[in-house]
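Here are some notes for a colleague who is opening this structure for the first time. They are meant to be read with the sequence and the model side by side.

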Amino acid sequence: MFKLSIDDITPGMIIQQDIYDGKNAFAPLLCEGTRVTSNFLYQLKKRGVTHLLARKPFQGDVSSLPTGKNPLASVNIPVSKSKPVIASKTKNEVLKTMKDFQISLSGLDENDVCKIVNSLDDIMNRIVRDFPKNLTHTINVHHLRGNDMASYLYGHSLSVAVISMAIGQYLGLSPEEVLLLGKCASLHDIGMYMVSDEITRKPAFIRKDEHENIKRHTQLGYRSLLKMDAADQNIYEGILYHHERIDGSGYPLGLKGEEIPLWSRIIAVADTYDAMTSERFHRPARTPSDSCEFIMASANRTLEYDIVAALLRRIEIYPVGICVKLSNGDYGVVIENIRSKLRPTVRIIDSDNIVNLNDRKFLDITILSAISYQDIIERK
Ligand SMILES: [Fe+2]
């Protein structure tokens, strides 16, 4: 880890310390672990940052690592066990639909907007058909996003729809209600298409006035669909109130508890989980397990307890393929999590041993944290 002059930092390097701009000591401009982009460099220089703790990403041949063992050799993920919750064809179709929707909405093409909203019925139907039939089976939602942050909103819409429908099923909503909830969740952030890109894609701390601008997205989405008569009242309200919080701390109206429609309360939980586990312009993604800790702490405060409990029952906290650090000092990759979602089976990187954490002989080993694949490679 080196403190480098800003002029020696190049895109792709990893920031090793939260960076603050002095005016706001509470919220970092960029968080530790963020990968530098040319836009970040421009913004940092503009703010007078002269030096940074940063490191180069691992670029060499893995066989040349000092361990004498190729760590990647043991990190092969059993594809059958990391099966996406929905088919990739459906995923691509949803991403394209959301993109078309944004174009029609910005062109105020009422007919196209209504046509696309109607087509979501069939898509949501197909997504639910791919869900596990047994409601106690968990789903891996970490395959749903695109790889580039430019399409974050499209992937976020899909992911929030899938998580919301999984929660809705668990809470006993009828199949028709689950489909409409999915439709509403896939449209929940459409108001963001009407907020300036400069703010939504800002790679740095968002100022208070900019945040106020972002907060308008709930009303903008609500009004545009209402004006075009593109859906029904439940969907409009689901969109309008998805940032309300049960303690009254949300927006736009500061509604409390059951004053907030059920769909909005469900979307709020799904939205929070997906946003935390996604890489954003100004911070890296948090792990599913860390995000669940945060959401559990919010249960009965800002988020509804039963909905949080349903989320924790239905999503994978340690998805197959995630890297973990164990209390005995080993690093491993989760290769199976069906028998116990909190005590998965892990393949140890250095020894290739298989450790089923649910096995009696391994009960004293705990998972300390989920860590990035890059950090495992670079840990020496
Ligand atoms: Fe939102």
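Between which two strands does the loop that holds Asp-352 lie?

1. Asp-352 sits in the loop between strand 6 (345-348) and strand 7 (354-356). Please keep in mind from the outset that this is a predicted model, and that the remarks below describe that model. Although Asp-352 is not a glycine, its phi is positive, at about 70°. The residue counts as exposed because 11 other C-beta atoms lie within 10 Å, where 12 or fewer is the limit for that class.

2. A further residue with this kind of backbone is Asn-300, which is not a glycine either and has a positive phi of about 70°. Asn-300 is found in the loop between helix 11 (288-298) and helix 12, and, with 13 C-beta neighbours inside 10 Å, it is classed as partly exposed. A cis peptide bond, with omega near 10°, leads from Tyr-251 to Pro-252, and Pro-252 is placed in the loop between helix 9 and helix 10. These places deserve a look in the model because most residues other than glycine have a negative phi, and most peptide bonds are trans.

3. Turning to the chain as a whole, the protein contains 13 helices and eight strands. Its length is 380 residues, of which 35% are buried. Among the contacts with a separation of 6 or more, 64% join residues that are 24 or more positions apart.

4. The largest nonpolar core has 71 residues, and the members that touch the most others are Val-162, Ile-163, Ile-167, Val-269, Ala-270 and Leu-311. Helix 4 (residues 152-170) supplies the largest share of this core, namely nine residues. The core also takes at least three residues from each of domain 2 (80-314) and domain 3 (320-377). There is in addition a second, separate core of ten residues, and Met-13, Ile-14, Leu-44 and Leu-52 are among them. As general background, nonpolar side chains tend to be buried together in soluble globular proteins.

5. Ile-163 is a convenient residue from which to explore the larger core. If neighbours within four places in sequence are left aside, Ile-163 is in contact with Val-141, Ala-270, Tyr-273, Asp-274, Leu-311 and Ile-315. Ile-163 also takes part in the meeting of helix 4 with helix 12, where Ile-163, Ala-166, Ile-167 and Tyr-170 face Ile-307, Ala-310, Leu-311, Arg-313 and Arg-314. The axes of helix 4 and helix 12 (residues 305-314) come within 9 Å and cross at roughly 105°, so helix 4 is roughly perpendicular to helix 12.

6. How are helix 8 and helix 9 packed, in terms of the angle and the distance between their axes? Helix 8 (residues 217-228) and helix 9 (residues 233-240) pack at about 165°, and their axes are 8 Å apart, which means that helix 8 is roughly antiparallel to helix 9. The crossing of helix 8 past helix 9 is right-handed. On the helix 8 side the residues that meet helix 9 are Thr-218, Gln-219, Gly-221, Tyr-222, Leu-225 and Leu-226, and their partners in helix 9 are Tyr-236, Ile-239 and Leu-240.

7. Helix 9 also packs with helix 5 (residues 175-186), at an angle of about 45° and with the axes 9 Å apart, so helix 5 is oblique to helix 9. Helix 5 passes helix 9 in a right-handed crossing. Here Leu-180, Lys-183 and Cys-184 of helix 5 meet Asn-234, Ile-235, Gly-238 and Ile-239 of helix 9.

8. Is Ala-268 buried or exposed? Ala-268, which belongs to helix 10 (residues 262-276), is buried because it has 26 C-beta neighbours inside 10 Å, and 20 or more are required for that class. Leaving aside neighbours within four places in sequence, its contacts are His-242, Arg-245 and Leu-303. Ala-268 and His-188 are 80 residues apart in sequence, and their C-alpha atoms are 9.8 Å apart in space.

9. Leu-53, in strand 3 (residues 51-55), gives a further example of positions separated along the chain. Its C-alpha atom is 6.3 Å from that of Leu-4, although the two residues are 49 residues apart along the chain. With 15 C-beta neighbours inside 10 Å, Leu-53 is counted as partly exposed.

How values were computed:
Residues numbered from 1 in each chain as written. Helix = DSSP H or I, 4+ residues; strand = E, 2+ residues; numbered from the N terminus. Contact = placed C-beta atoms within 7 Å. Core = buried A, V, L, I, M, F, W, Y, C linked by C-beta atoms within 7 Å. Domains from an automatic or database assignment. Axes fitted to C-alpha atoms, helices over the stretch in contact; angles between N-to-C directions. Parallel < 35°, antiparallel > 145°, perpendicular 65-115°, else oblique. Left-handed = near helix turned anticlockwise from the far one by under 90°.
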